[in-house]
Amino acid sequence: MNYTWDWGAMRQALPLLLTGFETTLLATVLGILVAAVLGLVVAMLGRAPTRLVTIPVRAVTEFVRSTPLLVQLVGAYAVFNTVRPLTIGIAVLGIHYASYLSEVYRAGIDAVPRGQWEACRALSLSPRRTWQAVILPQAVRNVLPALGNYGISMFKETPFLAVITVTEMVAQAREYGANHFVYAETFTLAGLIFLVASYPTSLLMRKLEKRLGH
Amino acid sequence: MGDFYSYFFGHLPDVWSGLAVTLEATVLGSAVALTLSFVFGFMANSRPVLVRGASRVIVEFFRGTSLYVQLFWLFYAFPLLFGYQLSPLFCGVLAFGMNYGAYGSEVVRGALNAVPRAQWEAAVALNMTPFQRMRRVILPQAWVQMIPPFTNLLIQLVKCTPLLWLIQAADLTTVVQQMRDRTGETTWAYLTLLVLYFVLAYALTLLMNALERHAAVRLGRRPAARSLLRSRSAEGARRSETAGGAR
């Protein structure tokens, strides 16, 4: 219990962790973008008129949603061993979160009143116009806060990418910690950076939720 | 394909022992999480500002610093600071328990607040003690509401158990990865592993559905038998989001 806390190591590790943090942020932003687009596509496919589409789509999303992200990552990394690790990481994060978000979109689309669909019908809008001009603008409004919250949760899961050799923040913390035997300092610092970045964002999301009337 | 499966079925005892570690971490981790959920959930609803503030700070701390970092901190940093190496499984149980306990406390808090005001007032009017009120009136109603979001958290927790592989606990992921290394059958090994986790998650979902039905029946509600087979779909997901607040 007579451990002396090495503040100097913490100060020296900080710039290194911040370069790792850039990768973390990049993966989060691109990952949530993939998830947002793919989730919407999946949600719309789930409303296709034929069961030949809806049942396989639902089965796949259910499977992706119920299996561990870490195993998906490591598996994809081992199978597609010629692709850049960061690309695989972003793709897997995106697909995994798309399976969550498709449910959110589905709920958002379901929340658009029936009358809106009927009005589109009555105006004989094409399906494309119906989605683009009427349904989606209302649905996305319902989905926005959830998108933010899932973004935060993805942000905290990006350290998984370290397992497939992406040098994001925690990988940097681990390496610096191993080289100088200062794990306590570097991991504490990494945790604090996560806290400092995610807490204000979560407060912001809560505010957004209130403003949109959830 | 054949190689992997003949190896897999030839070494089933290894699979069972890996599964046992995964299940142990899941059961113990969720037990810790459930306990902490109630402790912090009740603290968040109590009157003294200090108690409420303490629970807020602890909950935000465990939710805000990544689970991954917490686990690594316990495994790598804790021994340096305190000169005592925790066992990998213990680290896992503690980290999963604290992290999901923090999320769960929001569920408890939300469910307690969702019990109609009139129920609290009626219990007061009947001159019940605070303990009786909680035990006989509030909790049975809140509990039904807690189960679907708890199911989601439980599945999340199961999905985090492969982290044990990174801190050298011989869990299911570790065992199947070893089989992959022996046979060189990457695709089949990982697909099998994913299917195993899927089955595990689905079994737990069915168990939680039965629990929810039991809790609803105790309140005199009769949900359709079909609800027992339902997967955790939009409804549960949405509820846990609103109950879970900011993630």
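This passage walks through a predicted model of a complex, from its overall confidence to the fold of chain A, its contact with chain B and the core.

It helps to begin with how far the predictor trusts its own result. For the complex as a whole, the predictor reports a pTM of 0.88 and an ipTM of 0.87. Chain B has a mean pLDDT of 87, with 92% of its residues at 70 or more. Confidence varies along that chain: among its elements, helix H2 of chain B (residues 12-45) has the highest mean pLDDT, 94, whereas helix H11 of chain B (residues 234-244) has the lowest, 42. The stretch of chain B from 234 to 247 has pLDDT below 50, and in the model it makes 39 contacts beyond near neighbours in sequence.

Chain A can be introduced through its secondary structure, which consists of 8 helices and 0 strands. Its C-alpha trace spans about 75 × 40 × 25 Å along the principal axes. Of the 214 residues in chain A, 44% are buried. Contacts across the sequence are also a feature here: among those in chain A between residues at least 6 apart, 79% join residues at least 24 apart.

The UniProt record offers some landmarks to go with this picture. In an unreviewed entry, it places the feature "domain: ABC transmembrane type-1" at residues 21-205 of chain A. That span is 83% helix and 0% strand in the model, and its end C-alpha atoms lie 21 Å apart. The annotation "transmembrane region", likewise from an unreviewed UniProt entry, covers residues 25-48 and 186-205 of chain A. Residues 25-48 of chain A are 88% helix, with end C-alpha atoms 35 Å apart, while residues 186-205 of chain A are 100% helix, with ends 29 Å apart. For chain B, an unreviewed UniProt entry puts the feature "domain: ABC transmembrane type-1" at residues 19-208. This part of chain B is 87% helix and 0% strand, and 20 Å separates its end C-alpha atoms.

The two chains meet through 39 residues of chain A and 41 residues of chain B. On the chain A side, several helices supply at least two residues each, among them H2 (51-66), H4 (85-110) and H6 (127-157). The largest share of this side, 13 residues, comes from H8(A). Sorted by class, the side of chain A that touches chain B has 24 nonpolar, 10 polar and 5 charged residues.

The largest nonpolar core has 114 residues, and those with the most contacts inside it include A:Tyr97, A:Leu101, A:Ala173 and B:Leu71. H4(A) gives the largest share of this core, 13 residues. Apart from neighbours within four places in sequence, B:Leu71 is in contact with B:Cys91, B:Gly92, B:Ala95, B:Leu163 and B:Ile167.

Helix H7 of chain A deserves a look of its own. With 12 residues at 1.5 Å a residue, H7(A) should span 16 Å, and its end C-alpha atoms are 17 Å apart, which agrees. Buried residues in H7(A) include A:Met169, A:Val170, A:Ala173, A:Arg174 and A:Tyr176. The buried residues of H7(A) pack against helix H1 (7-45) and H8 of chain A, together with helix H4 (67-82) of chain B. Just after H7(A), A:Phe181 takes a positive phi of about 55°.

Notes. Residues are numbered from 1 along each chain as its sequence is written. Chains are lettered from A and ligands numbered from 1 in the order in which they are written. This is a predicted model: local features need pLDDT of at least 70, side-chain atom pairs count only at pLDDT 80 or more; totals for chains, interfaces and linings use all residues. UniProt positions are given in the numbering used here, feature names are shortened, and annotations may be inferred rather than shown by experiment. Helices (H or I, at least four residues) and strands (E, at least two) are DSSP runs, numbered from the N terminus. Two residues are in contact if their C-beta atoms, placed from the backbone, lie within 7 Å. Ala, Val, Leu, Ile, Met, Phe, Trp, Tyr, Cys and Pro count as nonpolar, Asp, Glu, Lys and Arg as charged, and the others, Gly among them, as polar. A nonpolar core is a set of buried Ala, Val, Leu, Ile, Met, Phe, Trp, Tyr and Cys residues joined through C-beta atoms within 7 Å. A residue is buried if 20 or more other C-beta atoms lie within 10 Å of its own, exposed if 12 or fewer, and partly exposed in between; C-beta atoms are placed from the backbone. pLDDT is the predictor's confidence in each residue, from 0 to 100. The expected span of a helix is 1.5 Å times one less than its number of residues.
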